[in-house]
Structures are given as structure tokens and as C-alpha cells.
Amino acid sequence: MKSLTLIVLLIFFCADAGRSQADAAGTQAEAGTSYLGDVRSAPPEYPAFKAGEWLKFRIHYGFLNASYATLHITTDTIRGIPVYHVVGRGRTTGFASIFFKVDDTYESYFGQEDGRPYRFIRKVDEGGYTKDMEINFDYRKGTALLHDKKNEKKFKFDIGTSIQDLISAFYYLRNNYDSKSLVVGESIELNMLYDDDGIFPFRLKFLGRETVKTKFGKVRCLKFRPYVQSGRVFKEQESLSLWVSDDRNKIPIRIEADLAVGSIKADLDGYNALRNQFRIIMD
């Protein structure tokens, strides 16, 4: 998969690049890893988001303003269950689109009460490479049915009760980790399913706190490292860094990745309807 597509997916909380060392070694968590896959019985005391929230990210590849990605939350129901419906879109723009056009849409429907995904839709067109798939999660049966509409194939996976998709994972993590209890060097982990490759453990290591200069002002951030596979795209397994606002919103502020050729960066470029105050340090 191309590097630009990867960084668009990284905006959707770094999951597609996050097939970590744990994926190759099995699902056993390392020491210092907290598992966040257990289902909540009630919403968190201070929710990190609400319906109407809209986030926009600008992605740079070298000197090029390569693309934009957006995330927008609305509400819906699935089988009588109140859900959040999130649509994520990634598009190349301007000069970059001449060389490689990306037009991706991701949708997730996840429970307003427990954060579990009920439906996931992935439609991508990346320089002629296309995918069109849908996953429906059935917790009574403990299975997920993936329909590859492009190739007319279906796959069934055993999921139990602890699973997230590419988009729902982003919102689940925002609502389910306590920033005050994070310990430098420790990791958080959850199981993910969003493609026919199957379920894998996504791991995010906490590196500490930093202040990041943005177009909005300086923002205090939590710094994380999603574990990725080195090889064709990334230089090494620890080549990716993620900064998240150290407030009750917990929104991505910046993502940086060292690629096999060059580097790429994504910055928060716009926002609307945040649930909580966005804390900006004014000089």
C-alpha cells in the first residue's frame, strides 16, 4: 500500500500501519501493556467527543501539501441500537493528485453506550487500486461477517466481545484511557478487525508529554508510538510518532513518520463542535 494512503489511515488512528511485532509474535501482550478491549457498561464520566464533531487534517509529503483527511460524527440506529456514525474521508489535492490520486471513504457505526462497532464500511480508490467491503458485527453469535463486494467473497471471524474496527478504535481509545494514569514506556492495546487479513492486536506506547506548536497556538500533548512493521514503507519499527491533545478531547494534533524514502507529516488543520474546551497556550 502506498505511503500517502498509509498516512491518511494513520489519521484514522494509525491502525493500518499498526501491524506490530505483536502481530508476528502472536497475540500475547508484552509486559507493561494494558489491554483496553473490555466492553464498557456505561459511557465515561467525561466523554471525549459528541455528535457534530468535525476534524480536518492537512498532510505534507516533503514540500508538497499532499492531501486532506476529515472525520465527522453524526448519530443513527442499527437494529434498534443507538450508534454514532463516523465518516472518514481522505483525498489527494493539487499537485500531488497529478501523480497519485487517493479517494477513500471509511464509515463506522459504533454503540453510543459501549463503543462497540456494529458496522464498518471501507471504500478506497488509490491510483487504480480499489476496495469495497463491509463488516457487520454480531455479538450474540460472537462473529463478524466481512463482505468483499469487489471480489464477491465473504469471510467470517470469531470476535468474542472485545473488538474494534479502524475508525471505532480511534473513538474508543479517546473515551477509555485515563491520561493521568499513563506511565512512560508502557503500552495500551486492543484487538482490531477491518480487512480480510483477520484480527490483530494494535499497540500504542506512551512516550511522555510535549508541547507542540500549531497554527492555533501551542498545545500540550501526549506523545505515543504506534508499532509498525519496517520494510517497504517505514524505515524501522519505531519510525512513527503521534501527538494527542492532553485535555478531555484527546484529538490528534500531529503525526510524523519516517518513510523508506523521505518523511511525511500530518497536522490538525481545522475543527468544529468539540465536546470539551480545546486548551491552547497563548504566548
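1. R119 is partly exposed, its relative accessible area coming to 24%, and this residue is a convenient place for a new reader to enter the structure, which is a predicted model. The side chain of R119 meets that of E134 in a salt bridge, with N to O at 3.7 Å. The pair links distant parts of the chain, since R119 belongs to strand 6 (residues 117–126) and E134 to strand 7 (residues 129–138), with their positions 15 residues apart in the numbering. E134, for its part, counts as buried, because its relative accessibility of 17% falls under the 20% limit.

2. E134 also forms a salt bridge with K149, where the closest N and O atoms are 3.3 Å apart. This pair, too, links distant parts of the chain: E134 sits in strand 7, whereas K149 is found in the loop between strand 8 (143–148) and strand 9 (153–158), and the two are 15 residues apart. K149 is partly exposed, with 32% given for its relative accessible area.

3. Across the whole structure, a search finds 13 salt bridges. Which residue meets E53 in a salt bridge? The partner is R174, and the N to O distance between the two side chains is 2.8 Å. The pair links distant parts of the chain, 121 residues apart, with E53 in the loop between strand 1 (33–35) and strand 2 (54–61) and R174 in helix 4 (residues 168–176). E53 counts as buried at 0% relative accessibility, and R174 likewise counts as buried at 2%, so the reader should look for this bridge among residues that have little accessible area.

4. A network of salt bridges links R58, K215 and D269, and a reader going through the charged side chains may wish to view these residues together.

5. A different arrangement of charge appears on the surface, where R79, R140, K141 and K156 gather in a patch of positive charge. Is R140, one of these residues, buried or exposed? R140 is exposed, having a relative accessible area of 79%, and its place in the chain is the loop between strand 7 and strand 8.

6. Turning to strand 11 (residues 200–214), F206 is one of its residues, and F206 is buried, with a relative accessible area of 2%. Leaving aside residues up to four places away in sequence, F206 touches L182, V183, V184, G185 and E186, as well as L222, K223 and F224. The C-alpha atoms of F206 and R225 are separated by 6.5 Å, although these residues are 19 positions apart along the chain.

7. L204 is found in strand 11 as well, and L204 is buried, its relative accessible area being 2%. How many residues apart along the chain are L204 and Y227? They are 23 residues apart, while their C-alpha atoms are separated by 6.6 Å. For strand 11, then, the reader can take both F206 and L204 as buried positions, and can follow the C-alpha separations from F206 to R225 and from L204 to Y227 when inspecting this part of the predicted model.

Definitions and conventions
Residues numbered from 1 in each chain as written. Predicted model: local features only at pLDDT ≥ 70, side-chain atom pairs only at ≥ 80, totals over all residues. Heavy atoms only, no water. Salt bridge = Lys/Arg side-chain N within 4 Å of Asp/Glu carboxyl O. Helix = DSSP H or I, 4+ residues; strand = E, 2+ residues; numbered from the N terminus. Buried < 20%, exposed > 50% of the residue type's maximum accessible area, 1.4 Å probe, protein only. Contact = heavy atoms within 4.5 Å. Patch = residues over 30% accessible without salt bridge, like charges linked within 9 Å, V, L, I, M, F, W, Y side chains within 5 Å. Areas by Shrake-Rupley, 256 points an atom, 1.4 Å probe, with all protein chains shown as cover. Lys, Arg positive; Asp, Glu negative; His and termini not counted. Charge placed at Lys NZ, Arg CZ, Asp CG, Glu CD.
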